[in-house]
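Visitor: I would like to learn how to read the backbone of a model like this one. Could you take me through it step by step?

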Amino acid sequence: VTAVDYESLILAEYAGAESVSVWGGEDNDPPYYGRVMISMKPYSGFTISDAAKESIKNQILKAKQSITVNPVFVDPSYFYVGIAASINYNSSSTTLSAEQISAQVSDAIAGYFSLNLQKFNKNYTHSALTNTILAKNSSITSVLLTLKLQRRIIPTLNTTNIFSGDTAIKFRNPIKPGSIASSYFYITLNGVTTLVKISDVPDSATPNDTGTGTLQLNSVTNNSVVVSGIGNINYGTGVLTITGISPSGIPAGVTDIRITGKIQETSYNLVVSRNEILVQDDTTINQLGGLVAGTTVTVTAQV
């Protein structure tokens with residue numbers, strides 16, 4: 001039974017799966033010999049329930065699988081792509097307002113992600129999104145897109161959280177030095193509850209796109225450094241390691257910690273593999289939680 005067979009079987013027999021990715025355990029990182037790895041994206045939500053996984057394993061796959069190969073379910077790993085679009089348009093060639101052009105561009109971006117991404121084995125091509133926006137309205141004369149990637153973690157409160165090795169936060173794409181920013185969370189500092197955010201400082205005086213940086217916690221109130229050396233980031237590989245943070249709480253309306261970095265311009269085509277999925281960053285503004293809009297569109301009229 002091949003990986004494609006597993007994918008086809010699950011999609012045919014389990015109606016809740018929007019997308020399925022299967023690979024051999026020998027191709028896993030690290031290798032997991034004697035296993036077949038399965039990742040599934042549901043139509044609703046982000047992960048398949050444990051009960052559904054057991055049902056698929058016992059009711060759908062058991063009769064088909066090799067006696068020496070066991071399925072292992074791996075949850076999808078989501079990369080949230082943020083888009084900042086700067087648009088110029090010729091106001092003399094359209095009756096639409098800048099606000100209407102902005103709405104069309106937002107629709108074009110959402111449509112591109114819906115049709116071309118948000119499933120396994122779907123890569124982001126920067127020129128394709130640019131052309132999609134240009135095709136939306138003939139009055140649009142130029143499109144400048146800036147990309148951000150966001151990873152999300154759900155911390156265990158009132159304990160030390162470590163993200164390193166296999167649990168490191170991997171952007172899988174080169175990150176601009178000095179661009180790391182997180183949503184806000186609370187820590188207890190010298191007995192005082194303090195609202196903080198994560199940032200990075202390049203280790204070299206002249207930031208190096210293939211160099212490293214040190215992570216720190218800044219006070220949201222005055223941006224002062226309250227805890228230094230909480231981890232590091234390799235800008236060239238986009239691997240971020242946290243050696244220890246101890247959140248005591250998260251602001252109202254926020255359920256996780258969102259860590260965002262700007263993508264280096266030379267790496268604007270984003271590639272995923274195995275259980276990874278690119279989705280549009282759906283973050284909406286929450287000032288108390290330090291959340292900024294995932295997608296922004298700025299439109300400028302030119303005659």
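Guide: We begin with a definition: helices and strands are DSSP runs, of at least four residues for a helix and at least two for a strand, numbered from the N terminus. In this predicted model, the chain has four helices and 16 strands, and Arg172 falls in the loop that links β7 (169-170) to β8 (181-182).

Visitor: What is the phi of Arg172?

Guide: As a general idea, most residues other than glycine have a negative phi. Arg172 has a phi near 65 degrees, which is positive although the residue is not glycine.

Visitor: Which residue in the loop between α3 (98-116) and α4 (126-136) should I look at?

Guide: Look at Asn121, which lies in that loop and has a positive phi, near 60 degrees, in a residue other than glycine.

Visitor: Are Asn121 and Arg172 buried or exposed?

Guide: Neither word applies, since partly exposed covers the range between under 20% and over 50% relative accessible area. Asn121 counts as partly exposed because its relative accessibility is 48%, and Arg172 counts as partly exposed because its value is 36%. For the chain of 303 residues, 45% count as buried.

Visitor: Where is there a cis peptide bond?

Guide: In general, most peptide bonds are trans. Here the bond from Asp29 to Pro30 is cis, with omega near 5 degrees, and Pro30 sits in the loop between β1 (17-24) and β2 (35-42).

Notes. Residues numbered from 1 in each chain as written. Predicted model: local features only at pLDDT ≥ 70, side-chain atom pairs only at ≥ 80, totals over all residues. Heavy atoms only, no water. Buried < 20%, exposed > 50% of the residue type's maximum accessible area, 1.4 Å probe, protein only.
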